[in-house]
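Me: I would like to learn how to read a protein model feature by feature, with the general idea put before each case. Could we begin with a pocket and then move on to helices, sheets and the backbone?

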Amino acid sequence: WRRPPFFWSAIQGYERLASPVSSPAQGPRASHVGWQLHDTMRGLREQTRSRMLEVFRSLHIHDPGGVLLCDKLALRAVSCACRVSEIMEEGITLVESLDIKRQPIREFAAVYLITPTVAAVNMMLADFADPRNPAYGDVHILFTSHLPDALLAKVKTSPIVGRVKTFRELNFEYLAIESGAFTLDAPDALASVFSPSSTAAVPEQHKAAAQLSTLFAMYGEMPYVRFAAKGHPSSSSFAYIVQEKLERLGQASGCFARAGTRSTDRPTLLIVDRTIDTLAPLLHEYSYQAMIHDLLPIADGERYAYRYTSNRGEELRKDVLLNETDPLWPTLRHMHIADAIEYLTTNFNQFLAANQSATKLGKKGGEVGLREMSEALRGMPQYQEEMARYSLHISLTRELMARFKTNQLEAVSTLEQNMALGEDSDGKEVKGTKLVEQLILSCG
């Protein structure tokens, strides 16, 4: 495997395309260059998990337990942060979607973790529309962000009021997908904001800004907001909206009261858009994680149906999670596929050397290949946990390389690089007619 030269060209392009950024507070002409990551923002997923479990623990739910009821965004957010088993340890015995038909469980407490929308509030209140026939017992209401006054008034006049034991606004409308990455779960935002025919650009920006502000509010951190001065107009407009949302949220809830007073204590929110890196969408990315999402059927952003052969020769299927609960995943995910294969090979050989039961395979001499590794793992039942880890990723790398060859991605990548840079690997200018010929050849 040869690492394509565009891999390095794209990285170098970031330095060439870097531009000054501006602060909404100082005006578009002021500049501030750089990115500041505050200490409290490290381990985002773990900190979010801890905070959410603390919230559930503070409810003091007693036997027989409680039912956690979430709308779509809240369910996605809590699922990213916590395992179901961890939530159940805090007294939650069942997790259900708010928008499906549910059987009443009057002896159970209801924990509503919902976004402050008309639809979500109406579905919650419908569970208690008949005071003589409520769906649940005690009620704990947790809103993911600030509840508008109109909806608060609606809750106050509902029969649910007499059952409410907890009423909180959590500031929790982001998905902590990794220790250092999050998403706002807005797959339609690209079209809504950038499509020339879209009429939803401003509402979409306000929605995203409100969600983003909850991330900083949960940590009590008021950031400096910066945007690319020479970027797309949406960057500057979004930056001002975010600044406004943060200030209003701080005034309403006092969530930034404990934020540092010194400038060095505050994090920096850097808002960028695709204009600072126009080449990336034109090129295949060959890091391990990117190839998995590009070439394999991944559900819910992390779930993969893994097919393998048992020790008894049975063909089995198992759903696995490709996230930080897998000890190998944080190390492998951002590696180039060539480096990931080398890492697995090296560590597997060390595994063989460290375990006497594996010496039989080790006696073959030389380096062990992917196929031999797969066969060896099936023959070591006493190392089940280690076997499962290596077996999964060895299988994944083999499948990725098979699809890489089947789809002729090396030829495709060469074409992509030539199109992006306007020259071939020898530094010669590539003309349009030659690109067309290469395109036809790469398509078979």
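Me: How many nonpolar, polar and charged residues are there in the lining of the second largest pocket?

Reply: Keeping in mind that this is a predicted model, the lining of the second largest pocket divides into 13 nonpolar, 10 polar and 14 charged residues. The space in this pocket is about 980 Å³, and of the 37 residues that line the pocket, those closest to its centre are Arg45, Ser79, Cys80, Glu302 and Asn323.

Me: Which elements give two or more residues to the lining of the second largest pocket, and where does the largest share come from?

Reply: The elements that give two or more residues are helix H2 (44-58), helix H3 (72-81), helix H4 (84-88), strand S3 (92-97), strand S7 (175-178) and helix H10 (288-295). The largest share of that lining, seven residues, comes from H3.

Me: H2 and H3 are both on that list, so to speak of them as a pair, at what angle do the axes of H2 and H3 cross?

Reply: Two packed helices are described by the angle between their axes together with the distance between those axes. For H2 and H3, the axes come within 8 Å and cross at roughly 110°, and the two helices are therefore roughly perpendicular to each other. On the H2 side the contact involves Arg45, Thr48, Arg49 and Phe56, which meet Val78, Cys80 and Ala81 in H3; by class, this contact has four nonpolar, one polar and two charged residues.

Me: At what angle do H2 and helix H8 pack, and how far apart are their axes?

Reply: H2 and helix H8 (residues 201-219) pack at an angle of about 70°, with their axes 11 Å apart, which makes H2 roughly perpendicular to H8. From H2 the contact draws on Leu44, Gln47, Thr48, Arg51 and Met52, and from H8 on Leu215, Met218 and Tyr219. The residues of this contact divide into five nonpolar, two polar and one charged. Thr48 of H2 thus appears in the contact with H3 and again in the contact with H8.

Me: Turning to sheets, what is the order of the strands in the open sheet of five strands, and is the pairing parallel or antiparallel?

Reply: In a regular strand the side chains alternate between the two faces of the sheet. In this open sheet of five strands the order is S3-S2-S4-S5-S6, with parallel pairing, and the edge strands, S3 and strand S6 (164-169), each pair on one side only. Neighbouring strands of the sheet are turned by 15° against each other on average, direction ignored. Within the sheet, strand S4 (residues 109-114) and strand S5 (residues 139-143) pair in the parallel sense over five bridges, and Val111 stands opposite His140 in S5.

Me: What is the order of the open sheet of three strands, and which strands stand at the edges?

Reply: The order is S11-S12-S13, with antiparallel pairing. Strand S11 (298-299) and strand S13 (315-321) stand at the edges, each with a single partner strand, so one side of each is left without a neighbour in the sheet. Two bridges join S11 to strand S12 (residues 303-309), and Ile298 stands opposite Tyr304 in S12. S12 and S13, in turn, pair in the antiparallel sense over seven bridges, with Tyr306 opposite Lys318 in S13.

Me: Which residue in the turn between S11 and S12 has a positive phi, and where else should I look at the backbone?

Reply: Most residues other than glycine have a negative phi, and most peptide bonds are trans. S11 and S12 form a hairpin with three residues between them, and Asp300 in the turn has a positive phi of about 55°. Asp185 also has a positive phi, near 55°, and is found in the loop between strand S8 (181-183) and helix H7 (189-194). As for the peptide bond, a cis bond joins Asp63 and Pro64, with omega about 10°, and Pro64 lies in the loop between H2 and strand S2 (66-70).

Key
Residues are numbered from 1 along each chain as its sequence is written. This is a predicted model: local features need pLDDT of at least 70, side-chain atom pairs count only at pLDDT 80 or more; totals for chains, interfaces and linings use all residues. Side-chain values use heavy atoms; hydrogens and water are left out. On a 1 Å grid over the protein atoms alone, a cavity is a set of points where a 1.4 Å probe fits but cannot get out, and a pocket is an open set with protein on both sides within 12 Å along at least five of seven lines; lining residues have an atom within 4 Å of a point. Grid points are joined across faces, edges and corners, and a volume is the space filled by probe spheres set on the points. Helices (H or I, at least four residues) and strands (E, at least two) are DSSP runs, numbered from the N terminus. Ala, Val, Leu, Ile, Met, Phe, Trp, Tyr, Cys and Pro count as nonpolar, Asp, Glu, Lys and Arg as charged, and the others, Gly among them, as polar. Two strands pair if DSSP finds at least two bridges between them. Axes are lines fitted to C-alpha atoms, for helices over the stretch in contact, and angles run from 0 to 180 degrees between N-to-C directions. Angles under 35 degrees count as roughly parallel, over 145 as roughly antiparallel, 65 to 115 as roughly perpendicular and the rest as oblique. Contact means heavy atoms within 4.5 Å.
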